[in-house]
Amino acid sequence: MADTVHASPRNEPPEKVGAKSISEMAGRETPLIRNYWYVAAFSEEITRVPMRRTILDRDIVFYRKEDGTPVALQNRCAHRSYPLHKGTVSGDRIVCGYHGFEYGADGQCAHVPSLPAAPRAIKVQPFPLIEDGPLVWIWMGDPAEPDQSRMVYQDWCSKPGWTHVKGYMYMKANYLGLHENLLDLSHFPFLHGQVLGRPEHAAAKPKVRVEGDVVFSGVMHRDVGMAPNYVKATGIKPPFDRESAHAIPCPGIHLGQAILTDSSDPPQTHIRHIVHIMTPETLKTTHYFWAIARDKAIDDPAVDKESLMFADKAFMEDKVALEEIEEVIARDKRPDFREKIISTDEGAITLLRAFARMAAREAGGE
Amino acid sequence: MADTVHASPRNEPPEKVGAKSISEMAGRETPLIRNYWYVAAFSEEITRVPMRRTILDRDIVFYRKEDGTPVALQNRCAHRSYPLHKGTVSGDRIVCGYHGFEYGADGQCAHVPSLPAAPRAIKVQPFPLIEDGPLVWIWMGDPAEPDQSRMVYQDWCSKPGWTHVKGYMYMKANYLGLHENLLDLSHFPFLHGQVLGRPEHAAAKPKVRVEGDVVFSGVMHRDVGMAPNYVKATGIKPPFDRESAHAIPCPGIHLGQAILTDSSDPPQTHIRHIVHIMTPETLKTTHYFWAIARDKAIDDPAVDKESLMFADKAFMEDKVALEEIEEVIARDKRPDFREKIISTDEGAITLLRAFARMAAREAGGE
Amino acid sequence: MADTVHASPRNEPPEKVGAKSISEMAGRETPLIRNYWYVAAFSEEITRVPMRRTILDRDIVFYRKEDGTPVALQNRCAHRSYPLHKGTVSGDRIVCGYHGFEYGADGQCAHVPSLPAAPRAIKVQPFPLIEDGPLVWIWMGDPAEPDQSRMVYQDWCSKPGWTHVKGYMYMKANYLGLHENLLDLSHFPFLHGQVLGRPEHAAAKPKVRVEGDVVFSGVMHRDVGMAPNYVKATGIKPPFDRESAHAIPCPGIHLGQAILTDSSDPPQTHIRHIVHIMTPETLKTTHYFWAIARDKAIDDPAVDKESLMFADKAFMEDKVALEEIEEVIARDKRPDFREKIISTDEGAITLLRAFARMAAREAGGE
């Protein structure tokens with residue numbers, strides 16, 4: 001697969017160019033990986049009014065019980081397939097709007113108006129949820145065993161002394177492209193020229209390592225810029241080093257950190273979390289949630305606003321580019337086209353290999 | 001397939017819950033049943049101006065001859081496939097708008113402008129029609145033998161002393177769901193809460209019987225309400241019993257009757273027809289015609305208005321619900337999902353079994 | 001396949017009616033024929049700003065080098081599939097908007113920002129272009145050998161003493177129907193009744209001949225009308241004979257000529273070119289370019305305007321009709337429907353046979 005280039009004008013070691021491998025790397029056709037937790041919604045989206053959302057190709061209705069516990073059920077009544085989100089919530093149950101069948105939070109039908117007792121055989125699939133601060137996570141995998149050990153709790157999101165801004169974008173593209181995009185700083189000067197345009201990004205080669213299935217990637221920059229309001233509000237003393245550190249513990253979350261070490265004496269270190277959450281709706285569409293969290297200047301609305309404006313601009317540019325790519329790929333009928341790989345893609349390729357292993361394990365029955 | 005529930009809290013006989021059977025019951029994938037008459041249009045829709053409509057997956061053009069006889073032809077010129085409905089009617093023929101080929105009501109090409117005589121080999125398929133009052137029925141089955149014995153004439157629609165109101169809705173759903181919906185009174189308090197919301201409907205278990213392929217279903221209610229203007233105009237004396245009687249003689253029509261027996265001495269009986277006509281456009285879309293007919297207060301516009309308002313509200317609620325269901329089913333990728341059956345579904349299930357037998361006979365070559 | 005009609009009311013030789021043959025005649029399912037030149041764009045459409053167009057099912061980006069030479073490249077970066085038309089042109093290269101990869105006019109990657117030298121393995125497919133006056137032609141066939149001998153240069157379009165008007169329509173229909181339409185004058189009185197409605201057209205039977213794969217068709221009319229402004233401006237003396245001559249040298253161009261011989265003494269002959277250019281976008285959509293060229297009254301804007309108005313009306317009527325037909329065919333599920341052929345279709349059928357031979361040669365590996 002690799003194609004070694006022998007003639008290099010500057011006499012440097014030649015770049016080895018590979019191509020994506022269908023068997024070794026996850027791609028657009030790789031089945032969605034189910035046995036991990038995914039973020040289903042922001043906390044405030046789930047209320048006493050039923051809410052519909054498709055996640056991992058399943059149509060789901062969300063609501064809250066009287067005590068506030070969120071509930072997720074298959075959004076299709078077992079009787080005549082009416083979507084439950086068109087019904088109403090009564091007590092802890094959701095009432096189907098067609099024949100009045102009532103389902104509890106466990107998915108078991110608890111009342112059929114025409115019958116003295118609800119038959120046990122009537123039920124819809126429930127999906128385990130975990131609410132962690134502003135995030136509601138869902139388990140779409142093997143219903144027999146929601147694997148609590150795979151839950152990736154986010155301490156920034158509820159720990160005292162921290163604050164965050166967050167947002168959501170609907171993306172008409174496969175979720176893998178977003179992971180690849182985020183692991184790659186070399187696109188900054190081109191796709192985000194106005195926001196992130198530093199020439200040194202183009203040649204940024206992160207250090208990549210894997211622990212189990214978790215992929216880590218990091219790159220250090222000297223004397224780079226940082227959000228001015230944040231610098232001002234925190235008193236970080238320029239110049240400073242910035243390490244961009246990424247960790248991808250599972251298919252649905254991509255944890256970024258900006259680690260700043262400033263020129264104070266002694267040097268101060270500041271960490272900001274830039275959290276990207278990609279929940280596949282289908283193989284071709286993705287729910288893209290994000291949050292930017294900090295433990296400095298937590299009451300400064302100017303810093304909030306700066307973060308929101310940055311995200312609205314930069315993340316939107318990513319979303320639009322990934323949707324363009326999805327469309328290009330859909331148009332292209334050539335069966336044997338493989339994207340080329342260069343050295344800056346090491347992080348992305350490492351991740352796609354990890355996801356391919358996860359998918360293969362599921363296919364084989366983990 | 002049946003799953004008997006043993007634990008019933010009220011110690012009543014347990015409800016037997018089944019699931020729809022692909023082999024025994026007609027479903028969304030069952031081929032359309034062709035060897036029956038279907039309503040193609042209301043009479044006034046077919047004029048001297050060509051009208052296009054797709055019925056049972058066939059593109060058809062309708063027009064009237066000079067003497068008023070309605071004509072139905074395949075809407076595709078035999079020569080270069082131009083749709084005939086874009087042409088014009090001349091005398092008893094339809095003239096193709098592309099090259100001027102003329103077809104008679106028998107589908108035979110009668111004139112080709114460039115030829116001295118129209119070749120016999122050039123023809124389009126004609127479809128037999130029967131006009132019965134406000135309804136124009138079409139035979140889409142075996143062209144060799146339109147089966148007159150299967151025509152279901154509607155005497156209410158042209159008999160003196162009767163009047164009716166009628167309407168049409170385009171429904172993006174398979175036609176079977178509408179039959180099921182109509183045979184089931186238990187959805188009234190939920191889907192039609194504002195219009196038909198009587199609690200006793202929820203537990204209504206109709207008596208169902210089959211004669212040949214015709215399914216009958218009936219349920220008796222005591223002291224139920226009735227359209228106030230109708231009661232006022234006819235002098236029906238409350239309280240009265242109401243029998244809701246259904247007969248489904250073929251796939252494309254669902255005959256309902258509201259039979260009222262009042263408290264006069266001796267008791268008077270009044271019958272209203274509520275006729276539902278479902279003509280599949282495709283497996284996923286349906287032409288839904290309906291009529292409400294009466295032989296009392298036939299000149300009272302207030303009763304007309306009441307019926308129209310009822311239909312606009314209740315039938316629209318059904319249409320919208322069935323379209324929601326169609327979409328839910330289209331989204332659901334689980335191949336083995338089967339809707340559950342309870343005792344109130346007896347009428348629907350009986351009908352789906354009858355339709356499955358009809359479809360099987362056609363597949364086997366009746 | 002042929003069905004001879006024996007009974008002819010006027011006792012003329014019976015018309016032999018055939019049906020289109022899937023094996024002998026090109027049809028909507030016939031693969032696009034690639035080893036010919038196609039018009040990709042009007043010259044002025046290709047500038048220093050990248051332009052996207054799909055041709056023969058391939059997504060292509062066009063731009064011009066600094067010296068004005070037009071370039072066509074596969075519109076998909078080899079690295080991460082971003083469409084190159086979203087990037088920018090710099091010098092003679094196009095720069096991908098995602099990671100800044102630069103490609104030269106030969107498709108070879110010339111610069112990767114993160115690498116000291118661009119690897120040879122990174123490239124996109126270039127497509128040979130020939131610019132001929134207002135037309136830019138593209139070779140989408142075997143990349144090893146763009147066949148210059150198959151280029152159909154159009155001398156009218158740049159020869160001194162000639163002028164032309166031109167236009168473009170996007171047509172949601174297969175390109176073959178447009179060829180058929182143009183070879184057939186018998187539709188004029190019906191589809192173009194207001195513009196071209198002469199009764200004698202209906203029975204026009206052109207003389208058809210084939211030389212190699214080139215199909216010629218011609219028909220002579222006596223005393224027919226002609227664009228009034230043109231007649232006035234040129235001093236053509238009515239009445240005149242008009243020969244409509246067609247030549248189809250390859251799948252993507254249909255050359256029409258109106259050859260007028262007037263009543264001057266001696267008779268003057270005037271030729272106008274009516275050039276139809278059909279470049280398949282896909283099997284179901286077509287780029288329809290056209291030009292009307294003349295060597296008389298070349299500075300008369302009234303003649304230009306007349307030609308433009310004629311084309312806007314008549315060519316639009318053709319486009320709309322062909323789109324209607326495309327839709328009729330898409331709806332029709334009958335697998336064995338074959339359009340009927342009559343004697344006026346000789347030109348069309350001859351052409352479809354020629355195209356079928358070309359397609360078969362390509363399938364067999366020419």
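## A tour of chains B and C

Start in chain B of this predicted model by selecting residues 214-222, strand β15, together with residues 241-250, strand β16; the two pair in the antiparallel sense over eight bridges. Within this pair, show the side chains of H221(B) and R242(B): H221(B) stands opposite R242(B), which belongs to β16(B).

Now widen the selection to the whole sheet. β15 and β16 of chain B belong to an open sheet of seven strands, in the order β13-β19-β18-β17-β16-β15-β14, with antiparallel pairing. Colour residues 163-171 (β13) and 207-211 (β14) of chain B to mark the edges; each has a single partner strand, so one side of each is left without a neighbour in the sheet. Looking along the sheet, expect a twist that averages 15° from one strand to the next.

Next, add residues 175-182 of chain B, helix α1. This helix lies across four strands of chain B, namely β16, β17 (253-261), β18 (269-282) and β19 (285-294). Relative to β18(B), α1(B) runs at about 160°.

Keep α1(B) on screen and select residues 301-331 of chain B, helix α6. The axes of α1(B) and α6(B) come within 10 Å and cross at roughly 130°. Angles over 145 degrees would count as roughly antiparallel and 65 to 115 as roughly perpendicular; α1(B) and α6(B) are therefore oblique to each other. The crossing of α1(B) past α6(B) is right-handed.

Which residues of α1(B) and α6(B) meet? From α1(B), pick G177(B), L178(B) and N181(B); from α6(B), pick D318(B), L322(B) and I325(B). By class, the residues of this contact are three nonpolar, two polar and one charged.

Move to chain C and select β3, β12 and β11, which form an open sheet in the order β3-β12-β11 with antiparallel pairing. At the edges stand β3 (37-42) and β11 (129-132) of chain C; each has a single partner strand, so one side of each is left without a neighbour in the sheet. Neighbouring strands here are turned by 30° against each other on average, direction ignored.

Zoom in on β3(C) and β12 (residues 135-139) of chain C, an antiparallel pair with five bridges. Pick V39(C) and find its bridge partner, W137(C), in β12(C).

Finally, show chain A beside chain C. How many residues of chain C are in contact with chain A? There are 25, and they touch 27 residues of chain A. Colour the chain C side by class to find 12 nonpolar, seven polar and six charged residues.

Note on methods
Residues numbered from 1 in each chain as written. Chains lettered and ligands numbered in written order. Predicted model: local features only at pLDDT ≥ 70, side-chain atom pairs only at ≥ 80, totals over all residues. Pairing = 2+ DSSP bridges. Axes fitted to C-alpha atoms, helices over the stretch in contact; angles between N-to-C directions. Contact = placed C-beta atoms within 7 Å. Nonpolar A, V, L, I, M, F, W, Y, C, P; charged D, E, K, R; others polar. Parallel < 35°, antiparallel > 145°, perpendicular 65-115°, else oblique. Left-handed = near helix turned anticlockwise from the far one by under 90°.
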